[in-house]
Amino acid sequence: MDSPFWDLVTIWLARASGVMVLTGAGISAESGVPTFRGKDGLWNRFRPEELATLEALQRDPERVWTWYRWRRKKVLQAQPNPAHRALVTLEQWKQPHFLLVTQNVDGLHQRAGSQAVVEFHGNLFEDVCLQCGFHRRIESVASEDSAVPYCPRCGHLLKPGVVMFGEPIPEQALHHVIEFIPRTDILLVIGTSAQVYPAAAIPRWVKDHGGKVVEVNPEQTPVTEMADAFLRGPAGKLVPKLVQDAMKKQQVPHERTFSG
Ligand code: OAD
């Protein structure tokens, strides 16, 4: 909150008709879901090429599936936090001119109540078959369950519904984002290290179309330099206050000029 631009950002947000939000693992950190990079990040403890590629899945499906089941369990134990919930309020205020683009695969935005969500990197709670297109939702993970899943339709090895390294972004997701860019007056970039493309290019696309970019993160990232404002701090504290203050700005009647 200690930003000289806090008030200005609340005015931008209040006046914006088109609002896009880009979130990353940092928004779920306060829910207890580990991030990828940084001190306690998953990619500090595990090698992505051994776990998050199609080659790894084919080479060692048991290891890869064990890791994704562990992540599913962690997410099922987690609850949405105040930042997730504040984005629901923001959506209700700005809809239908609102789009939430998340790189997260944890489904916490939807569990909080967000509706206009684009899952840029897929969803952890899906099993998909690359052979025949079969897919199913996963609601729970039994603790004794360790078998590698195969497609009930064609028998091919199943894959978790997340985008793995080297795989393309789901076409529909990319389409939604590109379509919304020209309508974006302000983009909030929350809790992403902005290192994975094409998601990391979204702030540049918005700027190139004349929209403002506001970043919320305890650390600087490659977005910080191009951002119109950088709000340093945890999402769970800053995002609810930002939405609340912006809504107050909208309620303030315009100053009247004295007319006698
Ligand atoms: P990262 O782990 O790379 O970055 C997390 C960001 O969150 C960092 O910039 C942190 O400073 C910030 N952060 C930490 N705690 C925070 C808090 N309480 N509030 C706000 N921000 C906080 O995660 P992503 O940028 O999401 O890809 O990573 C992008 C992609 O890389 C992921 O979607 C995943 C990974 O490989 C796939 O799974 C395809």
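1. The ligand and its closest neighbours. In this predicted model, a shell of 22 residues surrounds the ligand, and those that come nearest are F36, R37, T192, S193 and N217. By class, this shell around the ligand consists of 10 nonpolar, 9 polar and 3 charged residues.

2. Polar contacts of the ligand. R37, one of the nearest residues, places a polar side-chain atom 2.6 Å from an oxygen atom of the ligand. E30 also uses its side chain: a polar atom there lies 2.8 Å from a nitrogen atom of the ligand. With G191 the backbone takes part, for one of its polar backbone atoms is 3.2 Å from an oxygen atom of the ligand.

3. Coverage of the ligand. On its own, the ligand has 800 Å² of accessible area, and the protein covers 90% of that area.

4. The second largest pocket. A separate point for the reader concerns the second largest pocket, whose volume is about 370 Å³. It is lined by 22 residues, of which G122, E126, V128, G161 and P170 are the closest to its centre.

5. Composition of the pocket lining. Which classes of residue make up the lining of the second largest pocket? The lining divides into 11 nonpolar, 7 polar and 4 charged residues.

6. Origin of the pocket lining. At least two residues of the lining come from each of strand 3 (117-119), strand 4 (122-128), strand 6 (159-162) and helix 9 (171-180). In terms of domains, domain 1 (6-32 + 80-121 + 168-248) and domain 2 (42-77 + 126-162) each contribute at least three residues to the lining of this pocket.

Notes:
Residues numbered from 1 in each chain as written. Predicted model: local features only at pLDDT ≥ 70, side-chain atom pairs only at ≥ 80, totals over all residues. Heavy atoms only, no water. 1 Å grid on protein atoms, 1.4 Å probe; cavity = no way out; pocket = protein on both sides within 12 Å on 5 of 7 lines; lining within 4 Å. Points joined across faces, edges and corners; volume = space filled by probe spheres on them. Helix = DSSP H or I, 4+ residues; strand = E, 2+ residues; numbered from the N terminus. Nonpolar A, V, L, I, M, F, W, Y, C, P; charged D, E, K, R; others polar. Domains from an automatic or database assignment. Near = heavy atom within 4 Å. Polar contact = N/O pair within 3.5 Å; in protein donor to acceptor, adjacent residues only side chain to side chain. Areas by Shrake-Rupley, 256 points an atom, 1.4 Å probe, with all protein chains shown as cover.
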